[in-house]
Structure formats: structure tokens, C-alpha cells
Amino acid sequence: RGAADLFAVGRYQLIPCTLKDALRRVDGLTLEHRYDAATQDGLAVYLLLVKRRRLGLWLLGHRHGYTAAAQELAQEFASVPIPEDHRRCRRGQSHYCGDGAGNAALLSLEDVSAAMHATRRALATDAEAVVLIAEVEGFRGQLRRAAKAQIDAWIEQLRSAGARPEAP
């Protein structure tokens, strides 16, 4: 559909081109599936962890680039504010500001940050997610994760003792 016919549906307000892309890319998803809560949640997982790779990697604990991850979240959902200026749009506005469709950021940067960090922590402690992450990252990734956890623990010990170490 053209810009004048643009519409969004469901829990995550997906637009037609997003749904068409997901139908092509998500194994087993067909037009026969009901567009129920489970299907919509599955689509959201695809969008957040697969389609938006930087966001997915950050949420799964693989990267430290929060700003790039938050920028990708704003690209996927027009109501999410961008954490830094992008083209004609300023920090705190929608990635799609001034696009003629009336898109605007409806959330605060602080709320988005809190939600993203809470999600990252939840995924790190979810037993099922941890197994899936380990399968994907392989042995080298698991070693990197273990080393990072050890370094973070040492830094926290130094801070508790009153030292002011620089972040690695």
C-alpha cells in the first residue's frame, strides 16, 4: 500500500511490509496462522532478536553498544524515541519524524532505557534463553562471556573497596 493507505495492526502495530517480510523469513509462518497473541509475540521476537541484529545481540548480552541497539529499536517501532540525532530527527523524537504519516515518539528515553536493560537482565537469567544463547554463541562466545563476567566482578569489587577503576 502507499503512504496514504498505511495502517498498523496488532499488539505491536505492525505495518503490511513488516508482516510480508516476516512471512518470507520466519520458518513455518504462513497465511494460515491465526494472528493471535502467540503469533504476534513470535513476530516480535523475530523483529527484536533477528531482524534488528544489533538490538538482538545487545539484548542477548553479546555487545555493549546500547545506543546502536536503542537506535534499531526506534527504527522498528515509530513510537520509540531515538537516543541520538539521526538525519533530520533529533534525540527523543521518532526515527520517522516528519515523514508525513504522523509518526511521533510516545515514550520517554528513560522508560525505553529501563525496559531494554530490564529485558537484557531477564534474558540473562532465563534458563531457557541461556541454553539457546549458549547454542548460538558456541564455545568461543561462552569463553568471552565468562571472561567479561569475571572482569565485571573484579571491577565491582574494586568499586566496593573505594577504588575508581576505568571501565574496560
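This report describes the disulfide and the salt bridges of a predicted model.

**The disulfide**

A search of the whole structure finds 1 disulfide, and this bond is formed by Cys-89 and Cys-97, whose sulfur atoms lie 2.0 Å apart. The torsion about the S-S bond of Cys-89 and Cys-97 is about -105 degrees, so the disulfide is left-handed. As for the surroundings of the two cysteines, Cys-89 is buried, with a relative accessible area of 1%, and Cys-97 is likewise buried, with a relative accessible area of 11%.

**The salt bridges**

The search of the whole structure also finds 7 salt bridges, among them the pairs listed in the table, each given with the separation of its closest N and O atoms.

| Pair | Closest N and O atoms |
|---|---|
| Arg-11 and Asp-41 | 3.2 Å |
| Asp-21 and Arg-24 | 3.6 Å |
| Glu-76 and Arg-52 | 2.7 Å |

Arg-11 forms a salt bridge with Asp-41, with 3.2 Å between the closest N and O atoms. Because Arg-11 lies in the segment before helix 1 (16–25) whereas Asp-41 belongs to helix 2 (residues 37–51), this pair ties together parts that are 30 residues apart in sequence. On the acidic side of the contact, Asp-41 is partly exposed, with a relative accessible area of 30%.

The salt bridge of Glu-76 with Arg-52, whose closest N and O atoms are 2.7 Å apart, also links distant parts of the chain, since Glu-76 is in helix 4 (residues 66–76) and Arg-52 is in the loop between helix 2 and helix 3 (53–59), with their positions 24 residues apart in sequence. Both partners, Glu-76 and Arg-52, are buried.

Within helix 1, Asp-21 forms a salt bridge with Arg-24, the closest N and O atoms being 3.6 Å apart; the two residues both lie in that helix, 3 residues apart, which corresponds to about one turn. Are these partners buried or exposed? Asp-21 is buried, with a relative accessible area of 11%, whereas Arg-24, at 62% relative accessibility, counts as exposed. The contact is also part of a wider arrangement, in that Asp-21, Arg-24 and Arg-25 are linked in a network of salt bridges.

Technical notes
Residues numbered from 1 in each chain as written. Predicted model: local features only at pLDDT ≥ 70, side-chain atom pairs only at ≥ 80, totals over all residues. Heavy atoms only, no water. Disulfide = S-S within 2.5 Å. Buried < 20%, exposed > 50% of the residue type's maximum accessible area, 1.4 Å probe, protein only. Salt bridge = Lys/Arg side-chain N within 4 Å of Asp/Glu carboxyl O. Helix = DSSP H or I, 4+ residues; strand = E, 2+ residues; numbered from the N terminus.
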